[in-house]
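This report describes a parallel sheet, the helices packed on it and a nonpolar patch on the surface. Please consult the sequence and the model while reading.

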Amino acid sequence: MAERVSGPEIERLIQLLARLPGLGPRSARRAALHLIRKRDELLGPLADALQAAREKIVTCSVCGNVDTCDPCAVCQDARRDRATLIVVETVADLWALERAAALRARYHVLGGTLSPLDGVGPKDLNLASLVDRVAGDEVKEVILAVNATVDGQTTAHYITDLLAHLNVKTTRLAHGVPVGGELDYLDEGTLAAAMRARTDF
């Protein structure tokens, strides 16, 4: 058994870093050593930022985004198209769409997807508030920006049925060949989806 080479505080730091996505034990050790070497420039400010985040970050009661204010900055933005609501699985998806800056609309974060195998049902997702928001007379289109997975598509179909009685257009993101993609490198499912979703040139 290997002997411990550092104190419990450092070991705890490594263990916590190793829980982050993309960091295994070795990467966590390297990150911890880098933070320790740059104690004044990195470790102190990072600790302060983490403490401030823990105290101030809240979940938006309107859309489910995370921010330091409620409603969040996106919901408070008066320049956004109030007739369009983009439904996403997670906050990470919301942030990705915002980085793309493709549409200045409002969002609704589901908090996951329906997954009977994992025990995730309709009551576990942010669906009731979605129906309430869409029932308001401002929303004219709901864009289902969910992942093209089995669970994502199951969730999209469920939401479509849920909103069927409301006077709202329901659309989804296009599937197919990515911009800059080469056909030879794409999988068969992507190619088939692209062929089905072909458009006029």
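## Strand pairing

Two strands are taken to pair if DSSP finds at least two bridges between them. The model discussed here is predicted.

Strand β3, residues 81-88, meets this criterion with β4, the two pairing in the parallel sense over five bridges. Within this pairing, Leu85 is found opposite Arg106 of β4.

## The sheet as a whole

Four strands form an open sheet in the order β4-β3-β5-β6, with parallel pairing. The edges are occupied by β4 (105-109) and β6 (169-172); each has a single partner strand, so one side of each lacks a neighbour in the sheet. On average, neighbouring strands of this sheet are turned by 25 degrees against each other, direction ignored.

In general, strands of a sheet pair through backbone hydrogen bonds, in either a parallel or an antiparallel manner.

## Helices on the sheet

Helix α5, formed by residues 91-100, packs on the sheet and touches β3, β4 and β5 (141-145). The direction of α5 makes about 160 degrees with that of β4.

Helix α6, residues 128-135, lies across β3, β4 and β5. Relative to β4, helix α6 runs at about 155 degrees.

## A nonpolar surface patch

Val177, Leu183 and Leu191 make a nonpolar surface patch of about 240 Å². Leu191 belongs to helix α8, which spans residues 188-196.

Why can Leu191 count towards such a patch? Patch residues need over 30% relative accessible area, and Leu191 qualifies because its value is 31%, which makes this residue partly exposed.

Notes. Residues numbered from 1 in each chain as written. Predicted model: local features only at pLDDT ≥ 70, side-chain atom pairs only at ≥ 80, totals over all residues. Heavy atoms only, no water. Patch = residues over 30% accessible without salt bridge, like charges linked within 9 Å, V, L, I, M, F, W, Y side chains within 5 Å. Areas by Shrake-Rupley, 256 points an atom, 1.4 Å probe, with all protein chains shown as cover. Salt bridge = Lys/Arg side-chain N within 4 Å of Asp/Glu carboxyl O. Buried < 20%, exposed > 50% of the residue type's maximum accessible area, 1.4 Å probe, protein only. Axes fitted to C-alpha atoms, helices over the stretch in contact; angles between N-to-C directions. Contact = heavy atoms within 4.5 Å.
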